[in-house]
Amino acid sequence: MSELNSMSNQAPESPERRRFVGAATAAAGLAIAPGVMLYQVAHGRPDDQPASSAVRWGMLVDTTKCATGCDVCVSACSTENGWTPVAESKHPRQAPQWIRKLELEDPLTQMETNLPMLCQHCAEPPCVDVCPTGASFKRADGIVLVNRHTCIGCRYCMMACPYKARSLVHEPLNDTQKPDVPRGMGCVEACTFCVQKVDRGDGNTACAEACTAAGHNALLFGDMNDPESEISRRLRELPTKQVRADLNLNLGVRYHGI
Amino acid sequence: MAGKIKSLLALGAVVLTTVALAWAGADAPAQASGAPKPVITKAVKGDQCVEDTDFMRRNHMKLLNHQRDKTVIEGIRTKKHSLKECIECHASEKTGSVAAAKDDFCVSCHSYAAVKIDCFECHSTKPQGPMSMHPLNAETAHYKHKLAARTTSEVSAEEMAGVAQ
């Protein structure tokens with residue numbers, strides 16, 4: 001073990017070394033006692049284990065593959081999480097929207113870009129900074145959530161969010177919520193990266209699944225901390241941007257082609 | 001002669017009915033003195049709750065509050081004390097919910113104790129999927145016969161209320 005410690009103290013670490021140390025720690029964890037693990041594998045985390053900061057969930061949006069007029073990601077989100085689609089809402093201007101499609105046009109060249117906009121799951125989230133009750137918080141695995149038990153519906157976070165990603169539920173929902181996704185009038189809500197699916201071990205979000213099923217493959221969800229993951233590999237290869245990168249929020253959603 | 005016997009029988013019947021009514025009448029004031037007792041329907045699934053019934057009656061709110069913070073903030077989703085699992089077992093067969101009708105499991109006691117439930121402002125009162133598609137997996141398959149027996153001899157909530165009172 002002492003040998004291991006001295007090795008992990010050496011800096012800087014190459015990815016290979018990090019992987020080796022990780023594997024060695026896992027082996028050590030296994031050896032200490034049956035049932036006691038020091039190193040927890042991120043995917044398929046057991047029910048009784050908390051979300052781990054070894055993982056950072058993120059999404060890569062390839063806007064070059066995002067189709068004009070397609071909104072399967074939006075409808076998949078609404079179905080999974082039980083929010084009424086804006087078109088069906090009685091008050092569309094104040095209807096909750098966890099993800100929305102944007103069509104952008106360059107005024108000089110008329111080049112059109114399609115992209116979904118959702119909570120960017122910042123590493124330094126402004127919504128968390130301003131929340132007066134601590135209801136807005138970032139989970140260990142990088143997912144930014146609202147704790148509805150403490151949210152008072154003041155909407156400070158909605159004003160602070162540079163991405164207009166949050167909405168307030170204005171109307172009573174009358175027991176139409178999904179059992180896995182509690183929502184209620186007077187609380188602010190936003191994209192949760194399908195936290196119920198992530199905790200179940202699906203390792204994917206409803207929007208990304210739907211986009212892949214529709215054959216566009218514009219959305220890729222995964223662990224940005226794992227150098228072996230598909231998303232890390234693609235992020236290494238593709239030039240990507242963060243929206244409003246000038247704010248230095250270190251976003252969990254990266255866009256290619258904007 | 002036959003007429004006399006008939007009239008005697010009729011008189012007997014009248015006397016018996018009066019006595020029975022008086023008996024029932026004597027019971028009535030006791031009933032009126034208290035609020036109607038809550039209807040506690042046995043859970044559809046399982047014979048025993050995750051904790052003792054007495055413990056649950058006093059402490060279910062503490063367990064639920066503790067579990068909710070663990071789940072929301074840390075992402076720990078153990079099933080034992082989760083509200084979703086309570087609903088899985090205790091949803092009424094009639095309404096498919098724990099809080100839709102006044103005799104449903106949660107509402108029944110809470111209205112008796114005059115304690116407002118906030119859970120269902122946000123949480124669904126129904127288990128995942130309709131009751132007919134209740135997830136009878138390997139864990140609960142041995143309750144299948146119980147469910148089948150219940151569907152044949154259905155006791156209405158009104159009758160149950162009558163029994164409790």
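This is a walk through a predicted model of two chains, A and B, with a suggestion at each stop of what to select next.

**Stop one: the central strand of a sheet in chain A**

Begin by selecting strand β1 of chain A, residues 57-62. Six of its six residues are buried, so the strand is largely enclosed by the rest of the structure. If you turn the view to look at one side of β1(A), you will find A:W57, A:M59 and A:V61, while A:G58, A:L60 and A:D62 belong to the other side, and the residues of both sets are all buried.

Now add the two strands that pair with β1(A), beginning with β8 of chain A, residues 219-223, which runs antiparallel to β1(A) and is joined to it over five bridges. To find a place where this pairing can be inspected, select A:L60 together with A:L220, its bridge partner in β8(A). Next, show β9 of chain A, residues 253-256, whose pairing with β1(A) is parallel and extends over four bridges; here the residues to select are A:M59 and its bridge partner A:V253.

With these strands displayed together, you have an open sheet of three strands in the order β8-β1-β9 (chain A), and the pairing within it is mixed. The edge strands are β8 and β9 of chain A, each of which pairs on one side only. On average, neighbouring strands of this sheet are turned by 20° against each other, if direction is ignored.

Before leaving the sheet, select helix α8 of chain A, residues 230-237, which lies across β1, β8 and β9 of chain A and runs at about 115° to β8(A).

**Stop two: two residues with positive phi**

Most residues other than glycine have a negative phi, and the next two selections depart from that pattern. The residue A:F193, which is not a glycine, has a positive phi of about 55°, and you will find A:F193 in the loop between β7 (188-189) and α6 (195-200) of chain A. Is A:F193 buried or exposed? A:F193 counts as buried, because it has 28 C-beta neighbours inside 10 Å, where 20 or more are required.

Then move to chain B and select B:A114, which also is not a glycine and has a positive phi of about 55°. B:A114 sits in the loop between α4 (105-113) and α5 (119-122) of chain B. B:A114 is exposed, because only 7 other C-beta atoms lie within 10 Å, and the limit for that class is 12 or fewer.

**Stop three: where the chains meet**

Bring both chains into view and select the residues at their contact, where 19 residues of chain B are in contact with 18 residues of chain A. On the side of chain B that touches chain A, α2 (53-74) and α5 of chain B each supply at least two residues, and α2(B) gives the most, with four residues. Colouring this side of chain B by class will show six nonpolar, six polar and seven charged residues.

**Last stop: a residue of helix α2 in chain B**

Finally, select B:M56, which lies in helix α2 of chain B. B:M56 counts as partly exposed, because it has 15 C-beta neighbours inside 10 Å. Leaving aside residues up to four places away in sequence, B:M56 touches B:C49 and B:E51, so add both of these to the selection to complete the view.

Definitions and conventions: Residues are numbered from 1 along each chain as its sequence is written. Chains are lettered from A and ligands numbered from 1 in the order in which they are written. This is a predicted model: local features need pLDDT of at least 70, side-chain atom pairs count only at pLDDT 80 or more; totals for chains, interfaces and linings use all residues. Two strands pair if DSSP finds at least two bridges between them. Axes are lines fitted to C-alpha atoms, for helices over the stretch in contact, and angles run from 0 to 180 degrees between N-to-C directions. Two residues are in contact if their C-beta atoms, placed from the backbone, lie within 7 Å. Ala, Val, Leu, Ile, Met, Phe, Trp, Tyr, Cys and Pro count as nonpolar, Asp, Glu, Lys and Arg as charged, and the others, Gly among them, as polar.
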